[in-house]
Number of protein chains: 2
Amino acid sequence: MGRCGDTRERLLAAAAALLRENGYHTASVEALCRKAGVQKGSFYHFFESKCDLAGSALDYAWQQQKALLARDFAPAVPPVERLVRHFDAVYREQLALRARYGRTLGCPFYRLGTECSGAHPEIAARIGKIIAAYRGYFEGALGDAVHAEPGLNGDPVRLAHWLFALYQGLLEEARICDDPEVLRQLPAAAARLLGGGRSESAAFAAEVAGDGYVAGVVN
Amino acid sequence: MGRCGDTRERLLAAAAALLRENGYHTASVEALCRKAGVQKGSFYHFFESKCDLAGSALDYAWQQQKALLARDFAPAVPPVERLVRHFDAVYREQLALRARYGRTLGCPFYRLGTECSGAHPEIAARIGKIIAAYRGYFEGALGDAVHAEPGLNGDPVRLAHWLFALYQGLLEEARICDDPEVLRQLPAAAARLLGGGRSESAAFAAEVAGDGYVAGVVN
DNA sequence: CTTGAATTTGACCGACCGGTCAACTATAAT
DNA sequence: ATTATAGTTGACCGGTCGGTCAAATTCAAG
């Protein structure tokens with residue numbers, strides 16, 4: 001029944017990369033096909049439209065992201081250290097992306113979500129769900145943390161919400177200013193936010209101090 | 001010497017509105033001209049390119065934003081209340097924009113900065129400066145606050161950086177999820193972040209309690 | 001009134017966009 | 001070998017994009 005191939009997956013991978021690098025509008029269907037080594041006709045055999053591909057590519061990217069998250073947020077790791085690990089991984093990823101693509105790319109989901117809100121509500125809704133799932137990892141870690149760490153209190157869901165916003169806010173700044181170093185403030189900022197519940201800056205600060213981060217002001 | 005008119009300013013105003021609503025790519029030159037009531041030839045008489053207009057429109061929007069900031073951050077207002085006022089003003093503005101345009105638009109500078117980083121580095125650089133200036137208002141307020149409020153300590157510049165990231169992170173979420181109510185968490189989140197310096201949640205919490213905000217979880 | 005520069009007009013351009021399509025090819029089942 | 005189906009090809013479509021331009025119009029100065 002026809003040629004068996006990985007055409008569809010190559011399109012998804014190419015789309016995930018190109019959408020992240022160039023955004024929805026700038027990544028043309030022709031460029032997508034070229035990158036995937038596929039003719040335009042094949043493209044429309046597997047996907048109804050460019051919008052359809054973008055949606056599927058987002059799911060594709062989220063599946064990959066989940067693998068990384070599963071590693072950073074492994075239950076065996078102490079809860080606050082999970083967050084520190086993830087922040088470090090994201091910082092390193094942005095450095096690598098900058099080396100490869102010549103500039104800081106930030107979060108692919110927020111990138112497309114910001115661009116597509118309005119023109120493509122279906123994509124925005126899809127991204128909203130991904131973001132909620134992403135934030136769920138923060139909630140899980142903080143839920144464990146409030147039980148394990150004596151100096152940390154408050155509603156884990158709310159704390160996760162705020163920490164996630166702080167995290168994404170710095171990531172967006174890193175993209176716009178093309179400066180990944182902004183992200184190095186993340187652990188210190190998180191310590192301040194999380195440690196603000198009661199007395200001293202809690203376990204997070206100790207965690208931060210033991211890591212490779214420099215707490216100095218960057219910007 | 002030719003007709004005197006407000007053509008240029010009408011183009012700037014139309015661009016500021018359309019770019020905020022639709023973003024750089026979706027706001028076509030033709031649509032810009034239609035909205036401004038100007039022919040395309042006139043457009044290119046006053047601006048070298050669409051990119052040129054976008055840059056000027058950003059400056060135009062920033063001038064207007066500064067007027068609002070001057071009101072919220074008036075020196076006569078107690079420093080932490082300046083922030084609370086601004087957060088409230090932004091929340092109300094997003095509600096109004098949603099009523100007018102049918103969806104939550106978020107911050108125009110982050111919107112264009114996210115979209116244009118890469119394709120239009122000059123615009124991104126311009127936005128970077130605007131963002132730094134915007135954050136300067138936070139720095140001023142927090143600089144005053146650490147002197148005035150006994151329960152608030154830490155480097156005002158760093159605190160402003162983090163608070164601004166948290167603020168923009170929530171704004172982006174509000175845009176993507178089309179839900180301005182997210183912003184109502186801002187005062188409580190800010191209180192947690194700022195109050196985390198030493199003991200209790202400091203003056204910010206009291207400020208928050210006295211306002212029209214509801215601290216309940218929204219999402 | 002004449003001149004000359006600033007402004008305005010709208011038709012026009014080539015390029016590219018997302019998307020279509022009829023023909024063609026490779027595979028698997030019969 | 002035949003057939004049915006899945007996959008592939010690349011020319012092609014109408015529309016829109018950002019941008020150009022020669023001509024027309026309006027004003028202020030002389």
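Start by selecting chain A: 48% of its 219 residues are buried, where buried means 20 or more other C-beta atoms within 10 Å of a residue's own, exposed means 12 or fewer, partly exposed is in between, and C-beta atoms are placed from the backbone. Keep in mind that this is a predicted model, in which local features need pLDDT of at least 70, side-chain atom pairs count only at pLDDT 80 or more, and totals for chains, interfaces and linings use all residues. For finding your way, residues are numbered from 1 along each chain as its sequence is written, while chains are lettered from A and ligands numbered from 1 in the order in which they are written.

**Stop 1: chain A as a whole**

Switch to cartoon view. Chain A has 10 helices and zero strands; these elements are DSSP runs numbered from the N terminus, helices being H or I with at least four residues and strands E with at least two. Read from the N terminus, the order is α-α-α-α-α-α-α-α-α-α. Of the contacts in chain A with a separation of 6 or more, 63% join residues 24 or more positions apart. Here two residues are in contact if their C-beta atoms, placed from the backbone, lie within 7 Å.

**Stop 2: helix 1 of chain A**

Pick A:Ala13, which sits in helix 1 (residues 7-26) of chain A. A:Ala13 is partly exposed, because 17 other C-beta atoms lie within 10 Å. Now add A:Lys35: 22 residues separate the two along the chain, and their C-alpha atoms are 9.4 Å apart.

**Stop 3: helices 5 and 7 of chain A**

Select residues 79-101 and 121-148 of chain A. Those are helix 5 and helix 7, whose axes come within 7 Å and cross at roughly 140 degrees. The axes are lines fitted to C-alpha atoms, for helices over the stretch in contact, and angles run from 0 to 180 degrees between N-to-C directions. So helix 5 of chain A is oblique to helix 7 of chain A; under 35 degrees would count as roughly parallel, over 145 as roughly antiparallel, 65 to 115 as roughly perpendicular, and the rest is oblique.

Which residues of helix 5 of chain A meet helix 7 of chain A? Show A:Pro79, A:Val80, A:Arg82 and A:Leu83 on the helix 5 side, with A:Ala141, A:Leu142, A:Asp144, A:Ala145 and A:Ala148 across from them. By class, this contact has seven nonpolar, no polar and two charged residues. Nonpolar covers Ala, Val, Leu, Ile, Met, Phe, Trp, Tyr, Cys and Pro, charged covers Asp, Glu, Lys and Arg, and the others, Gly among them, are polar.

Hop to chain B for B:Pro78, in the loop between helix 4 (50-72) and helix 5 (79-101) of chain B. B:Pro78 counts as partly exposed, with 16 C-beta neighbours inside 10 Å. B:Pro78 and B:Ala148 are 70 residues apart in sequence but 8.6 Å apart C-alpha to C-alpha.

**Stop 4: the two copies together**

Show both chains. A rotation of 180 degrees, with 0.0 Å of shift along its axis, puts chain B on chain A with an RMSD of 0.0 Å; the fit is by least squares on the C-alpha atoms of residues with pLDDT of at least 70 in both. That is the relation of a two-fold axis. Both copies use the same surface, as 100% of the contact residues of chain B recur in chain A.

The contact takes 42 residues from chain B and 43 residues from chain A. Helix 8 of chain B gives the largest share of chain B's side, 13 residues. That side divides into 15 nonpolar, 18 polar and nine charged residues.

Zoom in on helix 6 (residues 108-116) of chain A against helix 8 of chain B: they pack at about 55 degrees, with axes 9 Å apart. That makes the pair oblique. Look for A:Tyr110, A:Gly113 and A:Thr114 meeting B:Glu172, B:Arg175 and B:Ile176. This helix pair's contact has two nonpolar, two polar and two charged residues.

**Stop 5: around helix 9**

Is helix 9 of chain B mostly covered or mostly open? Mostly covered, with 10 of its 10 residues buried; among them are B:Leu186, B:Arg192 and B:Gly195.

Finish at A:Asp178, in the loop between helix 8 (156-176) and helix 9 (186-195) of chain A. A:Asp178 has a positive phi of about 50 degrees although it is not a glycine. Most residues other than glycine have a negative phi. A:Asp178 is partly exposed, with 19 other C-beta atoms within 10 Å. In chain B, B:Asp178 likewise has a positive phi of about 50 degrees.
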